[in-house]
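Student: Please take me closely through a single part of this model, and then set that part against the rest of the chain. I would like the cut-offs behind each term stated as you go.

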Amino acid sequence: MPVKTIRSVIHGQEVASPLPVFDKIYPATGEVIAKVEPASPQMLDEAVEYARQAQKKWAALAGHERGRILQNIAQTLRDHNEALSALEVRDVGKLYSEAVSADVPSGAEAFEFFAALAATYHGTSHKWSDAIGYTMRVPLGVCAGIGAWNYPVQVACWKAAPALAAGNAFILKPSEETPLTANMLADLFKIAGLPDGLFQVIHGDHHIGQAICAHRDIAKISLTGGVDTGKLILAQSAQTLKKVTLELGGKAPLLVFEDCDFDLAVQTALDANFYTAGEVCSNATRVFVQDSIAERFIDAMREKTKNLVIGDPMQPKTQIGALISDRHLQNVLGHIRKAEAQGAHILTGGKQAFPQDSQGGFFIEPTILTGCHDEMDCVREEIFGPVMSVLTFASEEEAVSRANNMPFGLGAGIMTRDISRAHRLADALEAGNIWVNSYNLIPPGLPFGGSKQSGFGREGSIYALEAYTEVKAVYIQL
Ligand code: NAD
């Protein structure tokens, strides 16, 4: 396949950059598949100026008119699902079967959901004896999204849909590791009727990310990324007092009680660790199993895990795709070696994998660590690969207190048939998202986001829309 050049998309055009290119590598083979031109600060200035102009007209439309175009975007995404999913595989190395059934549809759902909200979003009204008052939600202006590499399409859509619904212009800086699908999204949004300047793509790494944070005409940044990056972006945005939403990392617990549906709990633990080769921020990488079922549970997980098919992410039979890069693969292997050194036992996996059908790629065996305790690094640090740490517990109180003993708070899962316990623990667990007898399901009407050091602000739901607006109060003396 020819090596493509990827350029920033400014006002509907791909624009050449004076800066040196960098390579985009296909994670499943290690081949260079594109050369990426990072945007210069001047290009960012141009994009922001186009965005400012386009946003004024966009905000002047009635909500239902914006909604109609967002609905078209959703349909266009669905119409191009296969092509977009295949490109997402080239970007991330994740399974095509996942991209086509989850990533792109969830992007389309976000546009459907926020299209409906655009048409119906409204303020409040108030009355006193000699005055009336009302509020309106006004857009912020130009908003930017800075993305992680694990869900490029979903991250772009989850941020752009509420931003556009509220009447803002949106600039996306995808991760430098996954630049491919952003340009296709810009093309598709244009086909769907979105005017130029409302969704633009700025390529590059943290250098242009810093320029986005410092830009005085960008009103808001929504980041999906690591905790350390979140702290930097918050500091970098302070000078211009930007609004900031931070979707950061986690180390979520899954609490498996002896009264659970056993088979469902085993499968949920595996999915909550090995889906997208473990590169999921909300993954439940600390699996707490009640003592009485621990041995049987661990055996069942080992049996299912050792048979998972690793390899070419385009093949329907494949269950574990590639990690994003060789650097990340080495990082995940390093975590496993450290866990071993600290006394963890590798129940299954633990090594780099070399599938026959996808040579040169960055693959790792799905790994289960047993014999873990709460102070080990593998239990405390986000690994962001297919590595599960198993812990055991005796009582509910113990499980909750150990689950909460963590600086992160993105997700938490509870496997139980006891409905009172489910509600009690949904209240007690410190996380933005709680799943009972399921995991990682995020329909667009429910907010998604973290507490503690997993960040603040929410994707999805009315809360995301609110975060792309400001409230204005009008008082009228009668
Ligand atoms: P990362 O933090 O390295 O990079 C994220 C983005 O920030 C990239 O686009 C990068 O170019 C940019 N960036 C880095 N430094 C910057 C700076 N100083 N100023 C401006 N921009 C900067 O994260 P990653 O490695 O791409 O993704 C993995 C991380 O993302 C994991 O920690 C994971 O948990 C997290 N994540 C969170 C969610 C969520 O919704 N909470 C979802 C997916 C991933």
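Tutor: What follows begins with helix 9 and then widens to another helix, two sheets, some loop residues and the whole chain.

Because this is a predicted model, local features need a pLDDT of at least 70 and side-chain atom pairs count only at pLDDT 80 or more, while totals for chains, interfaces and linings use all residues. Residues are numbered from 1 along each chain as its sequence is written, and side-chain values use heavy atoms, with hydrogens and water left out.

Helix 9 covers residues 262-274, which makes 13 residues; helices here are DSSP runs of H or I with at least four residues, strands are runs of E with at least two, and both are numbered from the N terminus. From its first C-alpha to its last, helix 9 reaches 18 Å, close to the 18 Å expected at 1.5 Å a residue, where the expected span is 1.5 Å times one less than the number of residues. The buried residues of helix 9 are Phe262, Ala265, Val266, Thr268, Ala269, Leu270, Ala272, Asn273 and Phe274. Buried means under 20% relative accessible area, exposed means over 50%, and partly exposed lies in between, with a 1.4 Å probe and protein chains only. In reading such a list, it helps to recall that an α-helix has 3.6 residues a turn, so residues three or four places apart point the same way.

The cover over these buried residues includes strand 13 (253-256), strand 14 (286-290), helix 10 (291-306), strand 18 (367-370), strand 19 (387-393) and strand 21 (411-415); contact here means heavy atoms within 4.5 Å. Just after helix 9, Thr276 takes a positive phi of about 50°.

Helix 3 can be read in the same manner: residues 81-92 make 12 residues, and the helix reaches 16 Å between its first and last C-alpha atoms, close to the 16 Å expected at 1.5 Å a residue. Its buried residues include Asn81, Leu84, Ser85, Glu88, Val89, Arg90, Asp91 and Val92. Among the elements covering the buried residues of helix 3 are strand 4, strand 5, helix 2 (63-79), helix 4 (96-120), helix 5 (152-165) and helix 6 (180-191). The residue that follows helix 3 is Gly93, whose phi is positive, near 80°.

Strands 4 and 5, named in that cover, also belong to an open sheet of 3 strands, ordered 1-5-4, in which the pairing is mixed; two strands pair if DSSP finds at least two bridges between them. Strand 1 (4-6) and strand 4 (22-25) are the edge strands, each pairing on one side only, and the twist averages 35° from one strand to the next. Strand 1 is joined by 3 bridges to strand 5 (residues 32-36), and the two run parallel; Ile6 stands opposite Val36 in strand 5.

A further open sheet of 3 strands has the order 6-7-25 and antiparallel pairing. Its edge strands are strand 6 (125-127) and strand 25 (469-477), each pairing on one side only. Strand 7 (residues 131-139) pairs with strand 25 in the antiparallel sense over 9 bridges, and Thr135 stands opposite Ala473 in strand 25.

The loop between helix 8 (227-236) and strand 12 (243-247) holds Thr240, which is partly exposed at a relative accessible area of 26%. Leaving aside residues up to four places away in sequence, Thr240 touches Cys213, Ala214, His215 and Arg216; the C-alpha atoms of Thr240 and Ala214, 26 residues apart along the chain, are separated by 6.6 Å. Leu241 lies in that loop between helix 8 and strand 12 as well, is exposed with a relative accessible area of 75%, and has a positive phi of about 45° although it is not a glycine. Ser461, in helix 15 (residues 461-467), is likewise not a glycine and has a positive phi of about 75°, but Ser461 is buried, with a relative accessible area of 1%.

Taken as a whole, the chain has 15 helices and 25 strands. Its radius of gyration is 23 Å, close to the 23 Å that the globule rule gives for 478 residues, so the chain is as compact as a globular protein of that length; the radius is taken over C-alpha atoms, and the rule is 2.2 Å times the number of residues to the power 0.38. Of the 478 residues, 56% count as buried.

Technical notes. Axes fitted to C-alpha atoms, helices over the stretch in contact; angles between N-to-C directions.
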